[in-house]
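Please look through the model below before reading on. The paragraphs after it go from the ligand shells to the sheets, the cavity and a few backbone details.

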Amino acid sequence: MATPYDAMWEQLNLDLDAHAGLLQVLGKFYGDIYLSQSGRLKGMEYVDFVISEIHGLRIKELQEAKAQGKKVIGTFCIFVPEEIVLAADAIQVGLCAGAEAGTDAAEKVLPRNTCALIKSFVGFKLSKLCPFIESCDLVVGETTCDGKKKAYEIFADYAPVYVMEIPQMKNACDRQLWRTEVLRFKDQIEKVTGNEITAAKLRQAIHLVNDRRRVLQRLGQLRASDPAPISGRDALLINQIGFYDDPARFTQNIGKLCDELDERVKTKSGIAPEKTPRLMLSGCPMAIPNWKLPYVVESSGAVIVGEESCVGARNNRDLVDETGASLDELIDALIDRYMRIDCACFTPNQERLDNVVTMAKDLKADGVIHYGLSFCQPYAIEAFKVEGALKKAEIPMLSIETDYGMEDVEQLKTRVEAFVEMVR
Ligand code: SF4
Ligand code: SF4
């Protein structure tokens with residue numbers, strides 16, 4: 001069926017037939033997983049609208065901004081400092097990597113035993129399925145895990161790629177390395193945009209991104225209530241669209257949604273009865289449209305109350321100090337904030353163990369599901385230590401490893417249901 005955006009997608013060199021097929025599948029998936037929920041908040045209408053227009057209106061906005069000279073920068077990791085991009089008057093979009101479409105193409109250039117997230121971003125590019133990637137003036141990669149690091153070498157044959165080196169430890173010399181990398185990134189972004197990053201511009205950008213983090217922190221805190229005022233699926237979706245939508249518009253709309261949640265908390269009304277088993281997810285990021293596990297969990301008699309993940313608390317936990325007077329001071333504040341990220345790519349990574357336990361306690365979680373993408377070594381190996389830390393705090397954990405395929409849904413459901421019964 002023709003859409004008002006066909007000409008734009010054609011100009012972006014998408015494979016129109018494959019793209020139409022993808023949108024059709026996603027529309028059905030969204031209807032089944034999201035629109036079928038009862039007791040949704042009025043504020044979710046904004047989220048549903050963003051999703052319905054994610055490849056339409058939002059891409060049109062990006063094209064219009066580009067026509068006025070703005071640059072679009074794509075990223076795959078929360079380590080890339082968005083504040084630098086915004087301070088140069090550019091737009092940053094988190095590129096999704098949560099769908100299986102494109103896997104066949106990806107497996108022509110990557111080993112099959114590569115994590116689904118990596119196969120997804122390479123596959124989307126090779127299959128010409130993603131209007132965000134095609135809108136990017138620069139795609140920023142990072143040396144986090146080995147899979148991503150090496151995949152960017154292949155990706156660079158198809159898109160303009162710049163790679164940031166991320167430290168793997170948190171000693172003084174690692175901070176120094178990160179400082180050098182952030183400054184190198186600043187130079188690169190200034191070069192791509194032609195705009196100088198000043199202290200005033202950077203402060204403004206820090207404030208904008210902090211505001212988005214603050215509203216997501218507020219959302220996270222409201223989920224500590226019993227009964228849970230919002231489903232885990234909806235909360236995950238909010239975190240996911242935070243990577244795409246305009247930051248000020250997102251903050252404003254999610255602020256209103258949180259006001260609604262406040263009311264629910266006051267009146268003790270929720271999306272599931274009080275004492276419904278409360279589970280927290282922890283581990284690999286769930287990029288849009290990866291909704292498989294949340295759907296399985298919430299159709300197994302539990303409610304998800306938090307995500308210890310990059311599409312979740314890891315992205316919002318820490319703010320950047322806004323008080324620096326000079327550009328140097330503000331850059332130092334950025335560096336300090338990003339060095340606190342507790343990705344499993346770091347060694348040792350005691351911060352994550354502490355954060356998982358604190359978060360599970362704060363959210364009054366009855367149990368934690370550790371989520372690992374198949375072939376992701378950093379999170380798979382760290383799951384052992386996470387389980388140990390949770391055990392000490394007497395919080396049970398279930399470890400799940402899966403990918404984006406639907407073949408294991410029934411098997412996952414059996415395991416999750418048994419875990420829910422155990423924590424009940
Ligand atoms: S899990 Fe690590 S590598 Fe992946 S997005 Fe988060 S910080 Fe980046
Ligand atoms: S999920 Fe694991 S293997 Fe995949 S990109 Fe992230 S850190 Fe790397």
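The shell around ligand 2 takes at least three residues from each of domain 1 (6-168) and domain 2 (203-319 + 343-423); these bounds come from an automatic or database domain assignment. The model is predicted, so local features need pLDDT of at least 70 and side-chain atom pairs count only at pLDDT 80 or more, while totals for chains, interfaces and linings use all residues. Residues are numbered from 1 along each chain as its sequence is written, chains are lettered from A and ligands numbered from 1 in the order in which they are written, and side-chain values use heavy atoms, with hydrogens and water left out.

Around ligand 2 stand Cys115, Leu117, Ile118, Cys145, Lys148, Cys284, Leu373 and Cys376; a residue counts as near a molecule if one of its heavy atoms lies within 4 Å of it. By class this shell has seven nonpolar, no polar and one charged residues. In this scheme Ala, Val, Leu, Ile, Met, Phe, Trp, Tyr, Cys and Pro are nonpolar, Asp, Glu, Lys and Arg are charged, and the others, Gly among them, are polar.

Ligand 1 is surrounded by Phe76, Cys77, Ile78, Thr144, Lys148, Pro285, Cys310, Cys343 and Tyr379. Seven of these residues are nonpolar, one is polar and one is charged. Why does ligand 1 lie between domain 1 and domain 2? Both domains give residues to its shell, so ligand 1 is placed between them. Lys148 appears in the shell of ligand 1 and also in that of ligand 2.

Next come the sheets. Strands of a sheet pair through backbone hydrogen bonds, either parallel or antiparallel. Strands (E, at least two residues) and helices (H or I, at least four residues) are DSSP runs, numbered from the N terminus, and two strands pair if DSSP finds at least two bridges between them.

One open sheet has four strands in the order β2-β1-β3-β4, with parallel pairing. At its edges, β2 (91-94) and β4 (161-164) each have a single partner strand, so one side of each is left without a neighbour in the sheet. Strand β1 (residues 72-75) runs parallel to strand β3 (residues 138-142), and three bridges join them. Gly74 has Val139 as its bridge partner in β3.

Another open sheet, also of four strands, follows the order β6-β5-β7-β8 with parallel pairing. Its edge strands are β6 and β8 (397-402), each paired on one side only. Five bridges link β5 in the parallel sense to strand β7 (residues 367-373), where Gly367 is the bridge partner of Leu279.

The structure holds one cavity of 30 Å³ or more. A cavity is a set of points, on a 1 Å grid over the protein atoms alone, where a 1.4 Å probe fits but cannot get out; lining residues have an atom within 4 Å of a point. Grid points are joined across faces, edges and corners, and the volume is the space filled by probe spheres set on the points. The largest cavity has a volume of about 50 Å³. Which strand gives the most to its lining? That is β5, with three residues. By class the lining has five nonpolar, three polar and two charged residues.

Some backbone details remain. Asp226 and Pro227 are joined by a cis peptide bond, with omega of about 5°. Pro227 sits in the loop between α11 (199-222) and α12 (232-241).

Note on methods:
On a 1 Å grid over the protein atoms alone, a cavity is a set of points where a 1.4 Å probe fits but cannot get out, and a pocket is an open set with protein on both sides within 12 Å along at least five of seven lines; lining residues have an atom within 4 Å of a point.
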